[in-house]
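This report looks at charged side-chain pairs and at the strand surroundings in which some of them are found. Please keep the sequence and the structure at hand while reading.

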Amino acid sequence: MSKSLNVNLEEIEKFEKVASQWWDLTGDFKPLHQINPLRRQFILQHKPDLFDAEVIDVGCGGGILTESIAKLGAKVTGIDMGEEPLNVAKLHALESGVTVNYEKITAEEKARACAEHFDVVTCMEMLEHVPDPASVIKACADMVKPGGYVFFSTLNKSTKSYLLAILAAEKILKLVPDGTHDHNKFIKPSTLIEWAESNSLKCIDATGIHYNPLTENHKLGPGLDVNYLLCCQKVR
């Protein structure tokens with residue numbers, strides 16, 4: 001694999017090892033299944049009609065978000081650099097009768113092949129796992145049509161995010177595997193917005209994802225101090 005690719009091989013390996021659990025609602029990816037309806041809700045708030053829309057899910061993993069968007073009638077492509085997660089995604093789509101085009105390719109490579117091709121680009125819980133997140137943001141901007149939407153979600157680089165996403169979620173409550181996240185790779189919303197806007201993406205909405213450990217419920221709301229979602233629109 002070329003060293004020039006924007007890929008962290010250790011991160012890929014980490015997700016390869018647990019690939020079989022992607023669709024286990026009680027396994028390592030349980031939190032992703034819990035927040036997925038909120039991610040889809042946020043997308044639909046800004047793009048209510050996805051029927052026949054060209055959508056790409058960057059860093060799709062096992063296809064949790066990808067499939068849920070395809071079920072709304074969108075023409076969806078999911079890209080990832082993990083072989084096993086993609087195999088799981090393809091198999092699950094087959095079993096579910098959902099049509100998704102899955103590809104093993106980086107965002108940068110796909111952007112070169114499909115400039116201004118997509119109506120919607122999603123990049124969820126992925127930026128904190130690559131060496132150069134700004135490069136992925138540029139690729140997302142390059143792939144979306146003028147007037148189209150790009151959705152990002154990641155973790156804020158804050159004390160609260162360390163306490164909740166790493167200390168509580170990984171070390172104490174064991175909601176996700178130990179070592180899933182590296183606080184040094186978390187991204188402040190202001191930084192993400194700056195990167196987006198330097199690539200003709202105007203941030204038009206931002207919301208936080210909030211978790212109640214007692215009820216195990218997630219909800220969208222103000223406050224971007226831990227998990228947050230951004231909606232950006234490409235300037236025409």
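## Salt bridges and the setting of strand β4

K138 and D142 are joined by a salt bridge in which the closest N and O atoms lie 2.8 Å apart. The model is predicted, and this pair sits within one element: K138 and D142 are four residues apart in helix α6, which means that about one helical turn separates them. K138 is partly exposed, its relative accessible area being 40%, and D142 also counts as partly exposed, at 27% relative accessibility.

A search of the whole structure finds nine salt bridges, among them the three set out here.

| Salt bridge | N to O distance |
|---|---|
| K138 and D142 | 2.8 Å |
| R39 and E125 | 2.5 Å |
| K234 and E116 | 3.2 Å |

What does the salt bridge between R39 and E125 tie together? The side chains of R39 and E125 meet at 2.5 Å, N to O. R39 belongs to helix α2 (residues 30-46), whereas E125 lies in the loop between β4 (118-124) and α6 (133-143), so the contact links parts that are 86 residues apart in sequence. R39 is buried, with a relative accessibility of 4%, and E125 is likewise buried, with a relative accessible area of 17%, a value that falls under the 20% limit for a buried residue.

The salt bridge of K234 with E116 has its closest N and O atoms 3.2 Å apart. Because K234 lies in strand β8 (residues 227-234) and E116 in the loop between α5 (107-113) and β4, this pair connects parts that are 118 residues apart in sequence. In this pair K234 is buried, at a relative accessible area of 10%, while E116 is partly exposed, at 42%.

The loops that hold E125 and E116 both border on β4, and the surroundings of this strand can be described further. Strand β4 is mostly covered, with seven of its seven residues buried. Strand β1 (residues 54-58) runs parallel to β4 and is joined to β4 by three bridges; in this pairing I56 stands opposite V121 in β4. Six bridges join β4 to strand β5 (residues 144-155), and these two strands also run parallel, with F118 standing opposite V144 in β5.

Helix α6, which carries both K138 and D142, takes part in a right-handed β-α-β unit together with β4 and β5.

Notes
Residues numbered from 1 in each chain as written. Predicted model: local features only at pLDDT ≥ 70, side-chain atom pairs only at ≥ 80, totals over all residues. Heavy atoms only, no water. Salt bridge = Lys/Arg side-chain N within 4 Å of Asp/Glu carboxyl O. Buried < 20%, exposed > 50% of the residue type's maximum accessible area, 1.4 Å probe, protein only. Pairing = 2+ DSSP bridges. Right-handed = clockwise from strand over helix to strand, strands pointing away.
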